[in-house]
Amino acid sequence: MAVAEVDVAFIQEPTHRPNPSLSQEAQGIPLIDLSNADTDALVREIGHACRQWGFFQIINHGVPPKSHHRVQEVARKFFKQSQEEKRKVRRDARKVMGYYDTEHTKNVRDWKEVFDMTVKEPTFAAASVDPLDDRVTHWENQWPQSPTAMREVCQEYARDMFELAMRLLGLIAKSLGLPARRFEEFFKDHSSSLRMIHYPPCPSPELVLGVGPHKDPGVLSIVGQDDAGGLEVKRKSDGQWVGVKPTPNAYVINVGDVLQVWSNGEYESAEHRVMVKSEKERYSTVFFLYPSHYTTVEPLEEVTEEQNIPAKYRAYNWGKFLLTRKCSNFKKLQAENLQIHYFKV
Ligand SMILES: O=C(O)CCC(=O)C(=O)O
Ligand SMILES: [Fe+2]
């Protein structure tokens with residue numbers, strides 16, 4: 001029986017199990033052409049996509065296709081190596097970047113292996129989750145011996161992604177009626193990271209998930225996927241899971257929790273998950289845009305006080321939040337990990 005083939009740690013609760021045979025690719029997930037010379041129209045499109053979906057694809061974004069191909073190629077070479085080789089750059093409680101294959105989303109193990117790198121080197125970070133402890137530490141990357149090009153290829157790709165993320169954020173700021181550079185102050189010592197993910201084929205794709213249902217905690221995420229498919233977003237209008245169609249040379253953008261708080265809920269982070277397949281493996285690359293660790297995340301005055309709208313979220317410290325989440329993704333806990341709704345007023 002198929003159940004016996006996957007470890008029980010991977011098995012989702014019946015209500016969270018995917019339905020690979022019924023999965024439909026959504027009509028209507030916005031596809032936005034970033035080369036549109038009509039900036040006002042572009043800003044309106046972005047605003048609409050953030051409001052209706054919190055999820056959209058972009059094309060003609062200016063990042064050369066070669067940049068994504070190269071990073072996918074090094075990822076493939078890296079993940080093809082033996083477990084022993086990969087574990088030489090294994091992430092642990094002290095070294096938070098590197099290889100990792102036992103991550104849990106909401107306490108169920110994901111059917112995936114990842115390699116994480118921090119973008120700014122070094123990256124300043126909170127030293128502990130204790131709110132009274134104001135010590136700062138820094139995160140560094142670990143690089144494998146092979147493939148030798150991995151470091152350079154990833155660093156270059158991360159630079160491209162950061163530039164693209166800041167450009168998108170400029171358009172998003174405008175769509176909220178703010179100056180294009182309104183958010184820049186939060187990224188002086190940004191704590192963004194880049195993650196390469198490999199989803200191996202799975203004998204029981206109907207019982208597990210590559211990544212369980214979740215919302216991304218940061219500002220926004222940029223996903224580069226291959227042609228395998230499997231990424232699904234929960235449609236806000238009816239709560240239905242719908243597939244995000246792999247589109248050549250496109251990136252998938254999703255709104256994270258920080259943007260939800262900054263916009264005082266005007267834009268909402270979208271819940272998403274990844275299904276796996278029995279025959280086909282999948283590779284993806286995700287850039288997570290995160291502010292400086294010392295950022296106090298709270299609804300912007302321009303969208304609350306100045307418009308007489310009460311703040312819907314309490315302020316919180318980004319560095320503590322990120323570290324708390326990182327620690328909880330590390331192992332199976334007895335309780336739900338820290339979620340943004342805890343900060344709802
Ligand atoms: O692999 C993907 O397409 C998305 C992964 C994801 O949602 C995440 O790592 O937060
Ligand atoms: Fe995600």
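**Ligand shell, nonpolar core and the Pro217 loop**

In this predicted model, ligand 1 is surrounded by Arg195, Ile197, Val211, Asp216, Val223, Gln225, Leu231, His272, Val274, Ser284 and Val286, a residue being counted if its C-beta atom, placed from the backbone, lies within 6 Å of the molecule. The shell around ligand 1 comprises six nonpolar, three polar and two charged residues, where Ala, Val, Leu, Ile, Met, Phe, Trp, Tyr, Cys and Pro count as nonpolar, Asp, Glu, Lys and Arg as charged, and the others, Gly among them, as polar. At least two residues of this shell come from each of strand S9 (193-199), S11, strand S15 (272-274) and strand S16 (282-289); strands (E, at least two residues) and helices (H or I, at least four) are DSSP runs numbered from the N terminus.

The largest nonpolar core (buried Ala, Val, Leu, Ile, Met, Phe, Trp, Tyr and Cys residues joined through C-beta atoms within 7 Å) has 82 residues, and Ala165, Leu220 and Phe287 have the most contacts inside it. Helix H4 (residues 150-175) contributes the largest share of this core, eleven residues. Beyond its neighbours within four places in sequence, Ala165 is in contact with Leu220, Ile222, Phe287 and Leu289, contact meaning C-beta atoms, placed from the backbone, within 7 Å.

Pro217 lies in the loop between strand S10 (211-214) and strand S11 (220-225), and counts as buried because it has 21 C-beta neighbours inside 10 Å, the threshold being 20 or more. Residues up to four places away in sequence aside, Pro217 touches Gly256, Asp257, Phe321, Leu322 and Arg325; the C-alpha atoms of Pro217 and Phe321, 104 residues apart along the chain, are separated by 8.8 Å.

Residues are numbered from 1 along each chain as its sequence is written, while chains are lettered from A and ligands numbered from 1 in the order in which they are written. Local features need pLDDT of at least 70 and side-chain atom pairs count only at pLDDT 80 or more, whereas totals for chains, interfaces and linings use all residues.

Conventions: A residue is buried if 20 or more other C-beta atoms lie within 10 Å of its own, exposed if 12 or fewer, and partly exposed in between; C-beta atoms are placed from the backbone. Two residues are in contact if their C-beta atoms, placed from the backbone, lie within 7 Å.
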